[in-house]
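Visitor: I should like a close look at a single part of this model, followed by an account of the regions that can be described alongside it. Please keep to what has been computed from the atoms.

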Amino acid sequence: PGAAVGEGVLLFGPWLRAIGRPHHAEVQLSYPLLTDVICKRISTAFILTKNAEFVDDITTFRDLAGHLESNGCHLAKLSATELSAKHGVGGCFRSLLRQLLSDVPDVAGVSALVSWYCEAENYDQPVIVTIDDLEQCSGDVLGELVMMLSEWVIKIPIFFVMGIATTLDAPKKLLSSEALQRLESCKLTLGSPSDRMNALVEAILVKPCTGFCIGYEVAKFLRNYFFRHDGTITSFISALKLACSKHFSLEPLSFLCVGMLEEDCEEFWRDKFETLPQQIRKYAFGFPSCASAKISSNSSNNIVGGLSKLLKLQNDWGSVLLCLYEAGRHDKVQFLDIFCEAVNPDLQTENVLFVSEVTCENLSGLKSGCGKGSIAQVMNTIRHLPMETLLHVLEVWSNHLKGMSEINDKVKELQSTTIGADSLRPAKEKWARRTAASTGNGIVPLNEKAAVLLQNVTSKYLVPVECLPFHEIICFKNVDILQSALIGNPRRMVQLDLLKSQSHLKCSCCRSGTAVSGSLHDTSIMCNLAQEYGDVINLHDWYMTFEGIINSKNSKTKRKSYSSPSKKKSKPSSPEGRAMIQARFCRAVTEMQITGLVRMPSKRRPDLVQRIVFGP
């Protein structure tokens, strides 16, 4: 959204740029008195964000700032805090200057901004001031800033971009009529979170732009995660990034995903696979999907052929999915719902059973609304689309199915059924008169033909990726890892890490049998000892056990130093003082309290701490 808004803002660039380099003396000269308010108007874009969460607003304006700066614009970002009555217009203007000027004078005025803009490297681009949350600003301070900058708008091209979270009437409620007259406004409305989610699913999960995909359980989890966070796009993107990083870090052959984007993908895969050691080759053909497809030979031709077929089927799958969404969006069917249903491995079996019942001859026996789910809703939507909308849908289908010539020819045949020698308008008029009669005479209407075509294409080409051999290379399916990373149980994970610290550190000296070694970290020792207690831990007993472990470690170190065979005996270390052991004990208990493993003693029971996390 930020980049899209940036493109809209940049449309004003040509006439917001100085014609030639201004000279400082000329700019400082007073122009003839301007009585026409039109000459003092600042071009302003009011952006209605419609976001449920302010996190998405922050992301939108961050992307907007990056897009404008990449196009060379001079950018200044003002927050609602800077446009508050506490700072006033003076503090707000100083903040603006600090973002543009390298050295802000003690007495900051518009003349400093004029001098900066006259420099050779600055005059060629406009100054754009962004305010991400207009409603939170002080109306008086913002009005004063608008009035002050409008007096100089002829000499310095300035542009405002203001974010609005509620309604487009917000500026009228916030600013005075005089300040509003100084703004030449245009209104930009971003799509709703669901609209942006549809675009996100199409660009990243459906179109072959990443070589990475997700399984059904992961898709279902991401969908629920999106709705649990009130439709926050940022949360969905963060979860998707994490799924991608987990896949590439856990799957040894995930580097082959890059081949999905290569022009000569087969040559890429063949070169990469031939350089792999024999053990990795056996691993590649040990996937469950290869076992179910009865692929046993570990030759490079088999895996190259399997990945090539996987790529082609995924491209066809994406084309059919786009056709489903194009029809379903006229009934407000969400792309994410269709996607989750399309990646379900059980879909293929359902399609085979359903397509055997659907033909042009027995369409009259199928009732509207049969079946459940988003794809069934799309099928019913096609049967009730108006003719003009249906013709538009067929035209979009033809574009999506360009890589599937056989299906594309059938779509064009449907288009030619209506658009023949007669023009489009008479065809539409004839349709309105003949629709009712054609069904009764046994003639199948165009809507039903389109529905049958889409159902046949869906059953044949909408093959979920989890049903294909070698899909483990490109598909992330481990929803448990993703769920623990996003939602997780941080207290339990901290406790597990403390209990198994020697395995993380690759250490063999910290445990002898089942006894806790004194060479462990103090907090790890305390956590191991806490497992011996119930809901509460007696501090005195806990400390005495801890002290015994530390002293036993010191005594072993002392004996080792005395028995050293070296000629120059090392000086034995003195036993650790009781005060130092108490300090280490207190620090370990505090660390466990900070990480949420225990609750500190209360006034009623000062000798006991309460355990919060239980189990290994």
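Guide: The account below begins with one helix and its starting residue, then turns to the nonpolar cores, a helix pair and a sheet. The model is a predicted one.

Helix 15 spans residues 300-328, and Ser 300 lies in this helix. Is Ser 300 buried or exposed? Its relative accessibility is 13%, and because the cut-off for burial is under 20%, Ser 300 counts as buried. Beyond its neighbours within four places in sequence, Ser 300 is in contact with Arg 270, Phe 273 and Glu 274. Asp 271 is separated from Ser 300 by 29 residues in sequence, while their C-alpha atoms are 9.0 Å apart in space.

Helix 15 also has a part in the nonpolar interior. The largest nonpolar core comprises 63 residues, and Leu 321, Phe 339 and Trp 397 have the most contacts inside it. Helix 15 gives the most to this core, contributing 8 residues. For Phe 339, the contacts outside its neighbours within four places in sequence are Val 201, Leu 205, Val 206, Ile 214, Ala 219, Trp 317 and Leu 321. A second core, separate from this one, has 42 residues, including Leu 83, Ile 164, Leu 175 and Leu 183. As a general background, nonpolar side chains tend to be buried together in soluble globular proteins.

A further region concerns two helices. The axes of helix 26 (residues 522-530) and helix 28 (residues 578-594) come within 9 Å and cross at roughly 70°. An angle from 65 to 115 degrees counts as roughly perpendicular, and helix 26 and helix 28 are therefore described in that way. On the side of helix 26, the residues that meet the partner are Asp 522, Thr 523, Met 526 and Cys 527; helix 28 supplies Arg 584, Phe 585, Arg 587, Ala 588, Val 589, Glu 591 and Met 592. By class, the residues of this contact divide into 6 nonpolar, 1 polar and 4 charged.

The last region is a sheet. Three strands form an open sheet in the order 10-12-11, with antiparallel pairing. Strand 10 (536-538) and strand 11 (598-599) stand at the edges; each has a single partner strand, so one side of each is left without a neighbour in the sheet. Strand 11 pairs with strand 12 (residues 608-611) in the antiparallel sense over 2 bridges. Within this region, Val 598 stands opposite Arg 611 of strand 12.

Technical notes: Residues are numbered from 1 along each chain as its sequence is written. This is a predicted model: local features need pLDDT of at least 70, side-chain atom pairs count only at pLDDT 80 or more; totals for chains, interfaces and linings use all residues. Side-chain values use heavy atoms; hydrogens and water are left out. Helices (H or I, at least four residues) and strands (E, at least two) are DSSP runs, numbered from the N terminus. Buried means under 20% relative accessible area, exposed over 50%, partly exposed in between (1.4 Å probe, protein chains only). Contact means heavy atoms within 4.5 Å. Axes are lines fitted to C-alpha atoms, for helices over the stretch in contact, and angles run from 0 to 180 degrees between N-to-C directions. Angles under 35 degrees count as roughly parallel, over 145 as roughly antiparallel, 65 to 115 as roughly perpendicular and the rest as oblique. Ala, Val, Leu, Ile, Met, Phe, Trp, Tyr, Cys and Pro count as nonpolar, Asp, Glu, Lys and Arg as charged, and the others, Gly among them, as polar. Two strands pair if DSSP finds at least two bridges between them. A nonpolar core is a set of buried Ala, Val, Leu, Ile, Met, Phe, Trp, Tyr and Cys residues joined through side-chain atoms within 4.5 Å.
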